Amino acid sequence: MTESNHHGGLRTRRSTFALGAATLAGTVAASGPDAFALARPVAAPSPASDGQVPFHGVHQAGILTPQQRFGGFAAFDVTCGDRAELTALFRKLTERARTLTAGLKPKTPQEGGTERPRDRLTITLGVGASLFDERFGLAAARPPGLTRMPSFPGDRLEMRTCHGDLSVQVCADNPDAVLHVVRDLAREAAGAMRARWRVDGFINPPRPAGAPRTFLGFKDGTAHPDTASAREMDRLVWLGAKSAGPAWARGGTYQVIRAIRLRAEAWDRVPAAQQEKMFGRQKSSGAPLGGKKESDVPDYAKDPKGLVTPLDSHIRRANPRTPQSADSVLLRRSYNVDQGLAPDGTLDLGLAFCCYQQDVARQFETVQKRLEGERLADFTTTTGGGYFLALPGVKDKKDWYGSKLLGS
Ligand code: HEM
């Protein structure tokens, strides 16, 4: 293990245990029946509030929830001795998530002296492929689509900031709400799971409007599938009756996390016009090249040679908007990461890229492979992350995370 993991914006379990909030770029609604035809700008990040996001449901919160300002991802390794202890852990995590997201008054002095605000807090639990090894007798229950994240060309993965038995995404409108959850889980689940890595992030307010900007200065979150369309979400995000894999996973969705380091100093030396060609969008407005408004939809059929939107630009590679590419559309929910300076003295800025999809091979991996060789790749390096399955929702007060997987 090297020390260069800092480049990925991830902290390992050697670091202080705490998790930051993470959330995704707001919801964007598609304008047409097909997600690839999309195009209303992402909803502006919500202001701080004491609102409550319902915990119970067919699906977990924190996936279609309009992105909160702060978010964190953490991965844990389970240290339980057997399946009964694992079941107890999942029940405990359910109880804590239910309580914390409801913003209930603390019952004990250890829980803090003041009433917690709700802050649109969401806690989203995922399982990694390693949970299905020999330890808990779950091998036969592993969905075939849940694998260990491979190394893609250009990746410099640090094993200690990759993978994990469990992932926890915590998102809220304020950072203290996120940290509070992390500390609560650290106390309540001590002895049953151990933090492996974590990363905190935030999204910026829109500048001046539309999708918020990442550290590369471009609006990010403009093009998204329509999260308000149940049909689209059933097609692109949720595992359903027709999905491959075991019935227990229905209602869940695959979560891909990629800790991406940005070479900000090098990027800042590139003229804006060249940066725009790398993304395929205008820096000031977020409009596609050749368009006027952020919500404009590029027409690649009219530009087959890439004279307007270069063929190797990020948005054209990520979503070529052909009938064939419509099935690879995914739902992004990423956070910016600022960890000060890397050991070599460069700015340690990054993106905790997160996306949700029904099928990792059909969606994330297809998009990732199309992005290979994009010009933006000179300015990014992926160092950590993992593949997880965000569990189906906890239906009601009696239900618990993974009840169908572990039995009641
Ligand atoms: C540091 C890395 C990255 C940065 C800074 C970045 C930034 C952006 C920006 C600025 C846009 C245009 C605005 C928008 O439509 O939201 C965009 C679009 C997109 N990006 Fe990325 N991105 C990164 C990595 C990735 C990765 C790893 C993937 C998936 C493998 C991805 C998938 C997409 C998709 C699917 C779109 C929408 C394209 C469309 O529908 O037109 N991005 N990204």
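In this predicted model, Arg362 counts as partly exposed, because 16 C-beta neighbours lie inside 10 Å, whereas 20 or more would be needed for a residue to be buried. Arg362 has its place in helix H7. Once the neighbours within four places in sequence are set aside, the contacts of Arg362 are with Asp327 and Ser328. Val329 can be added to this picture: 33 residues separate Val329 from Arg362 in sequence, and the C-alpha to C-alpha distance between the two is 9.0 Å.

Helix H7 itself is a good place to look next. Its buried residues are Gln363, Phe364, Val367 and Gln368. These four sit on the same side of H7, because the arc that they cover around the axis is only 105°. The general geometry of helices helps to read this pattern: with 3.6 residues a turn in an α-helix, residues three or four places apart point the same way. The packing partners of the buried residues of H7 are S6, H6 and S9. Just after the helix comes Gly373, with a positive phi of about 85°.

The elements that H7 packs against return in the surroundings of the ligand. The shell around the ligand holds 26 residues, of which Phe218, Thr222, Ala223, Ala318 and Asn319 come nearest. Two or more residues of this shell are given by each of strand S6 (253-262), helix H6 (314-318), strand S9 (347-357) and helix H7 (361-371). With four residues, H7 gives the most. Thus H7 both contributes to the shell and packs, through its buried residues, against S6, H6 and S9. For anyone thinking about the chemistry of the shell, its make-up by class is 15 nonpolar, seven polar and four charged residues.

Strand S4 offers a further view of the model. S4 spans residues 166-172 and is mostly covered, with seven of its seven residues buried. Leu166, Val168, Val170 and Ala172 point one way from the strand, while Ser167, Gln169 and Cys171 point the other way, and all are buried. Such a division is familiar from regular strands, where the side chains alternate between the two faces of the sheet. The pairing of S4 with strand S3 (residues 122-127) is antiparallel and runs over six bridges. Cys171 takes part in this pairing as the bridge partner of Thr122; the same Cys171 is buried and points the way of Ser167 and Gln169.

Methods: Residues are numbered from 1 along each chain as its sequence is written. This is a predicted model: local features need pLDDT of at least 70, side-chain atom pairs count only at pLDDT 80 or more; totals for chains, interfaces and linings use all residues. A residue is near a molecule or strand if its C-beta atom, placed from the backbone, lies within 6 Å of it. Ala, Val, Leu, Ile, Met, Phe, Trp, Tyr, Cys and Pro count as nonpolar, Asp, Glu, Lys and Arg as charged, and the others, Gly among them, as polar. A residue is buried if 20 or more other C-beta atoms lie within 10 Å of its own, exposed if 12 or fewer, and partly exposed in between; C-beta atoms are placed from the backbone. Two residues are in contact if their C-beta atoms, placed from the backbone, lie within 7 Å. Two strands pair if DSSP finds at least two bridges between them. The arc is that of the directions from the helix axis to the C-beta atoms.
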